Amino acid sequence: MNNKKKTSRFDDLIDAARSRQQRDNIQPTENKPSSHSKSTNPEYTRTTIYLPKHLHRKLKAVAASQERQMSDIMTELVEQWLLSNNQGKDENS
């Protein structure tokens, strides 16, 4: 005698649905960044500057080769310029 429980087609459908649900359930990653991007961070403001095309291309190429953002490089340059012009002191202090 066969003791194996016979499954119905309904049980098979329920199992398939559960498997699909588990497969599609995206687990949250622990490496998810908790910080804001610059566009949503209230500490940043967006500005537009005009650069000659050749300078923009060079900046973009060097930033990409160093895996940096152009805005980070521009921030460093502006901070250096402000320091060299004695304007680097924080306005809030």
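**Helix H2, Arg46 and the largest pocket**

In this predicted model, helix H2 comprises 13 residues, spanning positions 53–65, and extends 18 Å from its first C-alpha to its last, a reach close to the 18 Å expected at 1.5 Å a residue. Following H2 is Glu67, a residue whose phi is positive, with a value near 55 degrees.

On the other side of the helix in sequence, the loop between helix H1 (9–24) and H2 contains Arg46. The relative accessible area of Arg46 is 80%, and this residue is therefore classed as exposed, the cut-off being over 50%. Although Arg46 and Ser71 are separated by 25 residues in sequence, their C-alpha atoms lie 9.8 Å apart in space.

Arg46 and Ser71 also figure in the description of the largest pocket, for which a volume of about 1000 Å³ was computed. Its lining consists of 21 residues, of which Thr45, Arg46, Thr47, Ser71 and Thr75 are the closest to the centre of the pocket. With respect to secondary structure, H2 and helix H3 (70–84) each contribute at least two residues to this lining, and the largest share, amounting to seven residues, is supplied by H3. When the lining of the largest pocket is divided by residue class, nine residues are nonpolar and eight are polar, while four are charged.

Definitions and conventions: Residues are numbered from 1 along each chain as its sequence is written. This is a predicted model: local features need pLDDT of at least 70, side-chain atom pairs count only at pLDDT 80 or more; totals for chains, interfaces and linings use all residues. Side-chain values use heavy atoms; hydrogens and water are left out. Helices (H or I, at least four residues) and strands (E, at least two) are DSSP runs, numbered from the N terminus. The expected span of a helix is 1.5 Å times one less than its number of residues. Buried means under 20% relative accessible area, exposed over 50%, partly exposed in between (1.4 Å probe, protein chains only). On a 1 Å grid over the protein atoms alone, a cavity is a set of points where a 1.4 Å probe fits but cannot get out, and a pocket is an open set with protein on both sides within 12 Å along at least five of seven lines; lining residues have an atom within 4 Å of a point. Grid points are joined across faces, edges and corners, and a volume is the space filled by probe spheres set on the points. Ala, Val, Leu, Ile, Met, Phe, Trp, Tyr, Cys and Pro count as nonpolar, Asp, Glu, Lys and Arg as charged, and the others, Gly among them, as polar.
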